[in-house]
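Colleague: Could you walk me through reading the features of a protein model?
Modeller: Gladly, let's put it on the screen and begin with the sheets.

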Amino acid sequence: RNIDGKAWTKVNPNCGSTSFVVPDLITGQEYFFRVRAENRFGVGPPAETIQRTTARDPIHPPDPPIKLRIGLVTKNTVSLTWKPPKNDGGAPVTHYNVECLRWDRTGEVKESWKQCNRRDVEETKFTVEDLVEGGEYEFRVKAVNIAGPSRPSATVGPLVVKDQTCPPSIELKEFMEVEEGTDVKIVAKIKGVPFPTLTWLKASPKKPDAKSPVAYDQHVNKIVDENTCTLLIQQSRRNDTGLYTITAENNLGTASKEMRLNVLGRPGPPVGPIKFESILADKMTISWLPPLDDGGSKITNYVIEKKEANRKTWVHVTNEPKECIFTVPKLMEGHEYVFRIMAQNKYGIGEPLDSEPETARNLFTVPGPCDKPTVSSITRDSMTVNWEEPEHDGGSPITGYWLERKETTGKRWTRVNRDPIKPMTLGVSYKVTGLIEGSEYQFRVSAINAAGVGPPSMPSDPALARDPIAPPGPPIPKVTDWTKSSVDLEWSPPLKDGGSRVTGYIVEFKEEGKEEWERVGGKLTESSLCVSPRTKFVVTGLKEGCFYKFRVRAVNAAGIGEPGEVTDIIEMKDRIVAPDINLDASVRDRIVVHAGGVIRIIAYVSGKPPPTVTWSRDEQALPEEAKVEETAISSSLVIKNCKRSHQGLYTLLAKNDGGERKKTIIVDVLDVPGPVGMPLLTENLTNDSCKLSWFTPEDDGGSPITNYIIEKRESDHRAWTPVTYTVTRQNATIQGLIQGKAYFFRIAAENIIGMGPFTETTKEILIRDPITVPDRPEDLEVKAVTKNSVTLTWNPPKYNGGSDITMYVLESRLIGKDKFHKVTKEKMLDRKFTV
């Protein structure tokens with residue numbers, strides 16, 4: 001029960017021991033407790049605690065304070081600071097005691113530790129006073145709670161008490177950026193003895209060299225404490241942006257630091273006046289300049305509002321413009337308007353810039369007529385109409401044109417374009433399509449500006465819709481081959497057919513030194529020569545040893561076109577062409593074939609005169625199985641049912657009077673691997689397993705080994721049984737063997753082609769544990785007997801259990817007794833002993 005209450009509260013429903021932890025007590029509350037025993041006949045009388053008990057955690061003295069530091073030192077004072085202890089001992093630290101120890105000049109303790117504070121020190125700092133100038137001291141601190149003082153902290157010192165001086169120094173961040181309206185604290189950490197005089201200066205961002213002292217008032221204040229100087233700016237404004245400099249000065253020197261403060265806020269008003277770039281009856285285009293102050297953040301857009309000059313209410317127009325120009329639509333003709341513009345950034349909308357009143361009205365008329373248009377690029381279904389802009393645009397820029405047409409036999413004009421044709425810098429042209437072949441047309445054009453459509457121009461001269469026809473352009477001929485009496489010509493059709501299909505070609509030649517071109521074969525038409533996509537012709541009957549030039553002309557319905565001339569002069573003699581070798585598309589520089597397949601290398605050989613062809617492998621003669629098949633244009637090497645030994649570097653050599661050409665092909669023949677390498681070693685024998693080791697095959701079949709296949713058989717059986725798991729290394733542990741059985745093993749390597757031949761162990765392998773107890777010793781004999789001794793000898797056991805014999809144990813028993821007893825406790829290694 002609580003000491004303030006009278007009612008007892010039952011704590012536990014059941015407790016079978018003589019101790020119990022009472023839960024859910026209130027910290028700091030005082031309690032009485034009582035206990036009653038219970039048996040099957042009921043509950044006995046209570047036993048009550050005599051003293052009240054307070055519910056609280058155990059309390060002990062706190063840990064020592066930490067991080068004791070020495071601050072300012074003068075000729076008779078020392079300033080100390082420290083951190084509270086990590087553990088307060090279960091009760092709050094109420095105060096601290098500061099102690100000091102003085103040393104004499106010989107380095108001996110002059111006094112014992114004594115308390116320096118006459119009153120309790122409640123803060124974690126203290127200045128020790130009344131010290132002896134020039135004295136050498138150590139200092140320590142103890143924390144105190146209701147349980148008592150802690151152990152002392154780590155000491156600082158010894159330290160000689162005397163005035164300390166040092167020049168001023170300043171720590172200050174270089175840049176701060178805040179939003180307008182927030183309080184700004186520019187904190188500078190100051191060091192210097194004596195404490196320096198502090199001055200704040202400010203310069204505007206636009207004039208960083210023009211610094212002036214900071215004026216302190218309710219908005220800006222300077223706060224100086226023990227080692228800092230704070231410039232406090234309350235409710236910061238945009239004009240607080242600038243370069244702040246703090247200067248610290250004492251009798252040892254001067255130090256200064258700069259910090260740039262950027263106060264971000266709404267932008268200022270745009271720069272006016274607002275200009276009216278164009279005025280119409282239903283819209284006006286206005287322009288302005290960006291604000292001088294963007295608020296420290298990029299201008300995202302401008303907000304535009306309007307109102308009629310005789311009203312007070314502003315109407316929102318848009319907040320979309322990002323540039324300093326905008327066309328305000330939906331105005332009422334004759335009404336007078338005022339506009340205002342505000343810049344916006346991510347911090348808000350700035351102050352507005354108002355315009356002068358302006359009336360919505362048209363200041364121009366429709367444009368004048370254009371000059372008579374002209375017609376060009378006439379085809380059977382289209383014409384291009386060209387015209388110039390009118391001399392008078394009506395006071396407003398031309399925004400487009402309407403183009404109309406009519407047949408000369410009709411009276412009705414029809415508009416050609418659905419949308420106005422945009423004006424261009426140098427005149428305007430428009431291609432009119434959908435015309436009827438054989439019809440004659442006229443065209444007229446009207447200019448458009450903001451005031452409307454001007455009068456039409458004079459009609460163009462009549463133009464007949466039909467395709468223009470002209471002779472074709474020159475073909476592009478070349479000489480592809482020649483002999484001592486003929487030349488092979490080949491050419492591409494002309495780039496321009498003149499508007500009519502090419503119907504044939506004329507081939508001409510002339511002997512060097514002559515003026516006249518001689519026509520060959522007459523006119524070549526589609527019936528005698530293929531026109532598309534390429535054309536060819538062989539000129540024969542030429543004189544051996546003479547020099548000739550050649551040209552080709554195309555013919556269409558309009559006549560004979562310009563000639564296309566061969567640039568080279570050809571001498572009539574047999575042509576020598578160095579050999580050339582091209583492999584068939586089915587052949588690559590490297591061929592991979594499976595053993596048993598066919599090696600087939602097809603090469604196309606050209607040259608004049610026809611070259612001789614020679615095949616070789618690895619610079620030696622071909623294998624006996626290789627067959628060479630020749631045609632007029634090719635040479636093929638074929639090896640059927642190939643083997644690994646057929647792989648290598650195959651070379652094709654072609655020679656004639658023009659030179660020689662060589663082509664090499666690497667042939668890889670893939671096969672199953674060869675046998676694994678001997679020897680097969682066994683180790684790590686147990687009663688049910690053994691470990692096999694082997695070497696990789698000398699020939700992997702041209703493909704990496706992917707697996708080793710292991711099979712086993714008992715020595716008294718003929719059938720081989722596979723070991724079922726996958727093996728990729730050169731060793732494996734065979735499990736599941738029968739103790740006492742002898743086994744043979746065989747191993748084959750496997751790659752992607754298949755499995756190679758088996759390599760078999762030469763000796764049987766007996767499965768048993770490598771180390772067991774030895775067999776019994778042999779030939780135990782009595783060699784000599786006396787009245788109280790017997791000399792014995794014996795031979796070693798036939799099987800030592802797989803390990804050397806380490807000792808022998810000799811036992812004896814009296815006749816009629818059941819148990820043997822050791823004869824000696826010593827370790828016996830000899831096979832002779834006297835009992």
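**Sheets, buried residues and salt bridges**

Modeller: This is a predicted model. An open sheet of 4 strands runs in the order E13-E15-E19-E18, and its pairing is antiparallel.

Colleague: Which strands stand at the edges of this sheet?

Modeller: Strand E13 (166-171) and strand E18 (220-224) do; each has a single partner strand, so one side of each is left without a neighbour in the sheet. From one strand to the next, the twist averages 20°.

Colleague: What holds such strands to one another in general?

Modeller: Strands of a sheet pair through backbone hydrogen bonds, and the pairing is either parallel or antiparallel. Here, E18 pairs with strand E19 (residues 228-233) in the antiparallel sense over 5 bridges. To find the register, look at Asn221, whose bridge partner in E19 is Leu232.

Colleague: Where does UniProt list "domain: Ig-like"?

Modeller: An unreviewed UniProt entry lists that domain at residues 167-262 and 579-666. Over residues 167-262 the chain is 0% helix and 68% strand, with the end C-alpha atoms 31 Å apart. Over residues 579-666 it is 0% helix and 60% strand, and there the end C-alpha atoms are 21 Å apart.

Colleague: Could we try the sheet reading on another example?

Modeller: Sure. In another open sheet, 3 strands follow the order E38-E39-E42 with antiparallel pairing. Strand E38 (476-482) and strand E42 (535-539) are the edge strands, each pairing on one side only. Ignoring direction, neighbouring strands of this sheet are turned by 25° against each other on average. Strand E39 (residues 487-492) pairs with E42 over 5 bridges in the antiparallel sense, and Val487 has Val539 as its bridge partner in E42.

Colleague: Now for single residues: is Asn345 buried or exposed?

Modeller: Buried means under 20% relative accessible area. Asn345 has 3% relative accessibility, so it counts as buried. Asn345 is found in strand E27 (residues 336-345), and its side chain reaches the backbone oxygen of Asp294 at 3.0 Å. Leaving aside neighbours within four places in sequence, Asn345 is in contact with residues including Gly265, Arg266, Pro267 and Asp294.

Colleague: And how should I read salt bridges?

Modeller: Side chains of opposite charge can pair when their charged atoms come close. The count here comes to 25 salt bridges. One of them joins Arg340 and Glu305, with the closest N and O atoms 2.7 Å apart. This pair links distant parts of the chain, with Arg340 in strand E27 and Glu305 in strand E24 (residues 301-308), 35 residues apart. Glu305 counts as buried, at 14% relative accessibility.

Colleague: Which residue meets Arg644 in a salt bridge?

Modeller: Asp699 does, at 2.5 Å from N to O. Arg644 lies in the loop between strand E51 (634-639) and strand E52 (648-656), and Asp699 in the loop between strand E55 (690-695) and strand E56 (707-714), so the pair ties together parts that are 55 residues apart in sequence. Arg644 counts as buried at 17% relative accessibility, whereas Asp699 is partly exposed at 29%.

Colleague: What else is in contact with Arg644?

Modeller: Asp671 is one residue whose contacts include Arg644, along with Ala595 and Asp700. Asp671 is found in the loop between strand E53 (659-670) and strand E54 (677-683), and at 23% relative accessibility it counts as partly exposed.

Conventions: Residues are numbered from 1 along each chain as its sequence is written. This is a predicted model: local features need pLDDT of at least 70, side-chain atom pairs count only at pLDDT 80 or more; totals for chains, interfaces and linings use all residues. Side-chain values use heavy atoms; hydrogens and water are left out. Two strands pair if DSSP finds at least two bridges between them. Helices (H or I, at least four residues) and strands (E, at least two) are DSSP runs, numbered from the N terminus. Axes are lines fitted to C-alpha atoms, for helices over the stretch in contact, and angles run from 0 to 180 degrees between N-to-C directions. UniProt positions are given in the numbering used here, feature names are shortened, and annotations may be inferred rather than shown by experiment. Buried means under 20% relative accessible area, exposed over 50%, partly exposed in between (1.4 Å probe, protein chains only). A polar contact is a pair of N or O atoms within 3.5 Å; within protein, one must be able to donate a hydrogen and the other to accept it, and residues adjacent in sequence count only if both atoms are side-chain atoms. Contact means heavy atoms within 4.5 Å. A salt bridge is a side-chain nitrogen of Lys or Arg within 4 Å of a carboxyl oxygen of Asp or Glu.
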